[in-house]
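Hello,

Here is the structure I promised to pass on to you. Please have a look at it first, and then read my notes below.

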Amino acid sequence: MVNRIWQHHFGQGIVRTPSDFGMNGDRPSHPELLDWLANEFVDKKWSIKAMHRLMLTSDTYKQSTRHADWKTHNETDGDNRLLWRANWSRLEAEVLRDSLLSLSGRLNPEAGGPGMFFSVSDEVAKGFQMFKWYPSEEKQQLRRSIYAFQRRSLAMPMLEVFDAANMSESCSRRSSTTVAPQALTLLNGALTATESAHFAARVIELAGPSMEKQVDRAFQLVLAREAKPAELAEARKLYDGRAPKDALARLATVLFNLNEFLYLE
């Protein structure tokens, strides 16, 4: 259990085969640490929250992805097994979708109850002979991704592109790929287009008519920082000949595609 919690926060477990601790599995990179964490888990009365707190407040977790002596360490431990730096970690598919909905201000926080059915094309919906697919109303479809009803043969397209778990087999560890359909989905996908427009309206409401304040608020919401002078100059070009809402929607699409937003550093 502590190995899986560690894997969630660090990208890889201390044992990198989380479902196989046997002879055919991977050897632990830090066996003494794994034993100590297991004992701490017992001592803290099996509290998962306590283990999250322990790992997230550790010096190891608080490291930067950059290291002053990275060339030397990279030669001896290029896979970062010894955790001499933090690993880049992309947002999980569900977290990415939920983040877009949250930024646009449309995320439905309703908890519990039955899952929601997302919209699919008529051809796909009619393709089930023993099962009827009826998309939920829009408000329900804006719920968190954990409530999305998925069949083994039909997953939410965006989640599938960003390496969501395969419904046809056990998945102890998700892959993290970097492929062209991901960029195309975030640049041209229906979800991005819709939420960018709502995000733009939200920014205008929060920041008022000032272009500089609108751009700064957009950066603060998406990247948790102010726009740099060069970024502000580039964003200003988007306003040339466009309404503020259209310009901000275009800016939002750019921000949603930045590694600074997609990856935890």
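Helices are DSSP runs of H or I with at least four residues, and strands are runs of E with at least two, numbered from the N terminus. This is a predicted model, where local features need pLDDT of at least 70, side-chain atom pairs count only at pLDDT 80 or more, and totals for chains, interfaces and linings use all residues. Residues are numbered from 1 along each chain as its sequence is written, and side-chain values use heavy atoms, with hydrogens and water left out.

Let me start with Arg-16, which sits in the loop between α1 (2-10) and α2 (31-43). Arg-16 is buried (under 20% relative accessible area, 1.4 Å probe, protein chains only), because its relative accessible area is 13%. The side chains of Arg-16 and Asp-79 make a polar contact of 2.8 Å (a pair of N or O atoms within 3.5 Å, one able to donate a hydrogen and the other to accept it; residues adjacent in sequence count only if both atoms are side-chain atoms).

Arg-16 also helps to line the largest cavity, along with residues including Trp-6, His-30 and Asn-87. A cavity is a set of points on a 1 Å grid over the protein atoms alone where a 1.4 Å probe fits but cannot get out, and lining residues have an atom within 4 Å of a point.

Finally, Glu-138 belongs to helix α7 (residues 138-141). Glu-138 is exposed (over 50%), as its relative accessible area is 53%. From Glu-138 to Glu-231 the C-alpha atoms are 35 Å apart, with the two positions 93 residues apart in sequence numbering.

Best wishes

Notes
On a 1 Å grid over the protein atoms alone, a cavity is a set of points where a 1.4 Å probe fits but cannot get out, and a pocket is an open set with protein on both sides within 12 Å along at least five of seven lines; lining residues have an atom within 4 Å of a point.
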